[in-house]
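Reader: I should like to learn how to read the main features of a protein model, beginning with its backbone. Could the tutorial proceed feature by feature, with the general idea ahead of the case at hand?

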Amino acid sequence: MQQTATPVSEPLGEPRDPDRRMMARALELAAAGVGQVSPGPLVGCVIVDDREKIIGEGFYIFDRVRHAETLALEQAGSNTCGATAYVSLEPHAHHGRTPPCTNALIAAGIKRIVAPIEDPNPEVSGKGFAHLRSAGIEVSVGSMAHEAERLNEKYLHFMRTGRPFVHLKLAVSLDGKIATRTGDSRWIAGEEARALSHRLRYESDAILVGAGTATVDDPLLTDRSGAPRRRVLVRIVLDERLQTAADSQLARTARDAPVLVFSGTSSAAAASDAVDTLQALGVEVIADETGGRDVFRVLEELGRRSIQSLLVEGGGVVAGAFIDAGMVDKATFFIAPVIIGGREAPTAVAGVGIEKMADALRLDEVEITQRGSDVEITGYPRRRMKDEG
Ligand code: AOF
């Protein structure tokens, strides 16, 4: 398969030394696999000769099976003896769908390996580096570690916790509302923000909304980015009282893209006809004793299904449940210059909330970007002190 990736002229950030420059290229190559690696990692590899010339490049795509290092070595051909390999993740040393990449690197006569971070996959973690070192290869770890962590934030979180990485995305008015008092929410943010929302769907394995949003908006929740993706976006509704209608867009399209509905055990038992109807349409109804209110249990269930990443699109009740539970890993708010007003109009985040400002969820690594006339604020929730102990 032809490999295409953005050219080397625009490296990520402004790397200062040759290692950083080559690692930036490896990360850039890895990013070409977005949408096509789950449940695996994004991996890019650059092979560089002793005159610092790039002689091979590769990146991983799940369905192509072959790993980044193998592809880069193949492109480098017979010139690899004494070369340096830059890999965006620790090379694996076990037999998975492919033989160990460490074997290929050793056999090719690679002299030095540069990698930013360990692969937390227990099959790999530390073993890849140890194998390379035992073969006499110099291994440098840590170059662009933060960038590499961010690039693979979904995979790393999923490997470390067994649960999907949760990205909360909301479009809010200046007064923090997500709809009018009648529930109308089309549209708060403008076209640019909405296109970006489809990009976020594209980058996620699953998308989740609450029953209120599903009922009022009757959304399709599909990925309409047009970009190639490996796994169909799984659509999830937290629906304790089993309100999802058989004639909703979600239910009617359940054969085209999976729909999971988490409902309360008693609601599902009381409405067994509704369950049968939804199931006949292809909807999977998961009866859960908390009815999806315990988001940790929902995430564990999704983790069991190898769902690496989850985009939470609201509404306020669901956003509140995820924030109260401390289960948001990244947040994107599109703030539109519009004022909705009305005490009854829903706010972006409901839930229990907090008493003291000191307990508010603050974002770190905040990026603020103008999107048309809207402002995007994206950041990572700071871990709260009480979680630290
Ligand atoms: C690498 N280079 O390009 C990739 C790695 O057998 P697989 O392909 O499903 O992959 C199994 C594991 O290998 C995967 O979970 C991850 O730990 C590592 N992926 N490793 O050295 C690559 N894709």
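**Reading the backbone, the sheet and the salt bridges**

Author: At 3% relative accessibility, M144 counts as buried. The model is a predicted one, and M144 is a convenient place to begin with backbone angles.

Reader: What is the sign of phi at M144, and where does the residue lie?

Author: The general idea is that most residues other than glycine have a negative phi. M144 is not a glycine, yet its phi is positive, about 55°. The residue lies in the loop between β5 (138-141) and α5 (145-151).

Reader: What is the phi of L221, and is that residue buried or exposed?

Author: L221, likewise not a glycine, has a positive phi of about 55°. L221 counts as buried because its relative accessibility is 2%, and the cut-off for that class is under 20%. L221 belongs to the loop between α8 and β8.

Reader: Which peptide bonds are cis, and where do they occur?

Author: In general, most peptide bonds are trans. One cis bond here leads from S38 to P39, with omega near 5°. P39 is located in the loop between α1 (18-31) and β1 (44-48). Another cis bond leads from R186 to W187, where omega is near -10°. W187 sits in the loop between β6 and α7.

Reader: Let us turn to the sheet. In what order do its strands stand?

Author: Strands of a sheet pair through backbone hydrogen bonds, in either the parallel or the antiparallel sense. This model has an open sheet of 9 strands in the order β10-β9-β8-β7-β11-β6-β12-β14-β13, and the pairing is mixed. β10 (284-288) and β13 (363-371) stand at the edges with a single partner strand each, so one side of each has no neighbour in the sheet. On average, and with direction ignored, neighbouring strands of the sheet are turned by 20° against each other.

Reader: Which strands pair with β7, and in which sense?

Author: β7 (residues 206-210) runs parallel to β8 (residues 234-238), and 5 bridges join the two. Within this pair, A206 stands opposite V234. Between β7 and β8 the chain passes through helix α8 (residues 211-217), and this β-α-β crossover is right-handed. β7 is also parallel to β11 (residues 309-312), to which 3 bridges join it. There, L208 faces V312 in β11.

Reader: Which way do the residues of β7 point, and are they buried or exposed?

Author: A206, L208 and G210 point one way, I207 and V209 point the other way, and all are buried. β7 is accordingly described as mostly covered, with 5 of its 5 residues buried.

Reader: Where is an antiparallel pair to be found?

Author: β12 (residues 330-335) and β14 (residues 374-381) pair in the antiparallel sense over 5 bridges. In this pair I335 stands opposite V375 of β14.

Reader: Which strands does helix α12 lie across?

Author: Helix α12 (residues 295-304) lies across β6 (165-172), β7, β8, β9 (259-264), β10 and β11. Its direction is at about 145° to β9.

Reader: How many salt bridges does the structure hold, and how should an individual one be read?

Author: The structure holds 25 salt bridges. For each, one may consider the distance between nitrogen and oxygen, the exposure of the partners and their places in the chain. E74 and R66 form one, with the closest N and O atoms 2.4 Å apart. E74 is partly exposed at a relative accessible area of 49%, and R66 is partly exposed at 33%.

Reader: What does the pair of R231 and D205 tie together?

Author: The side chains of R231 and D205 meet in a salt bridge of 3.1 Å from N to O. R231 lies in the loop between α8 and β8, and D205 in the loop between α7 (191-202) and β7, so the pair ties together parts that are 26 residues apart in sequence. R231 counts as partly exposed at 21% relative accessibility, whereas D205 counts as buried at 8%.

Reader: Which residues do salt bridges with shared partners join into one network?

Author: That network consists of R150, E153, K330 and E365. Within it, R150 forms a salt bridge with E153, the closest N and O atoms being 3.6 Å apart. R150 is partly exposed, with a relative accessible area of 27%, while E153 counts as buried at 8% relative accessibility.

Key. Residues numbered from 1 in each chain as written. Predicted model: local features only at pLDDT ≥ 70, side-chain atom pairs only at ≥ 80, totals over all residues. Heavy atoms only, no water. Buried < 20%, exposed > 50% of the residue type's maximum accessible area, 1.4 Å probe, protein only. Helix = DSSP H or I, 4+ residues; strand = E, 2+ residues; numbered from the N terminus. Pairing = 2+ DSSP bridges. Right-handed = clockwise from strand over helix to strand, strands pointing away. Salt bridge = Lys/Arg side-chain N within 4 Å of Asp/Glu carboxyl O. Axes fitted to C-alpha atoms, helices over the stretch in contact; angles between N-to-C directions. Contact = heavy atoms within 4.5 Å.
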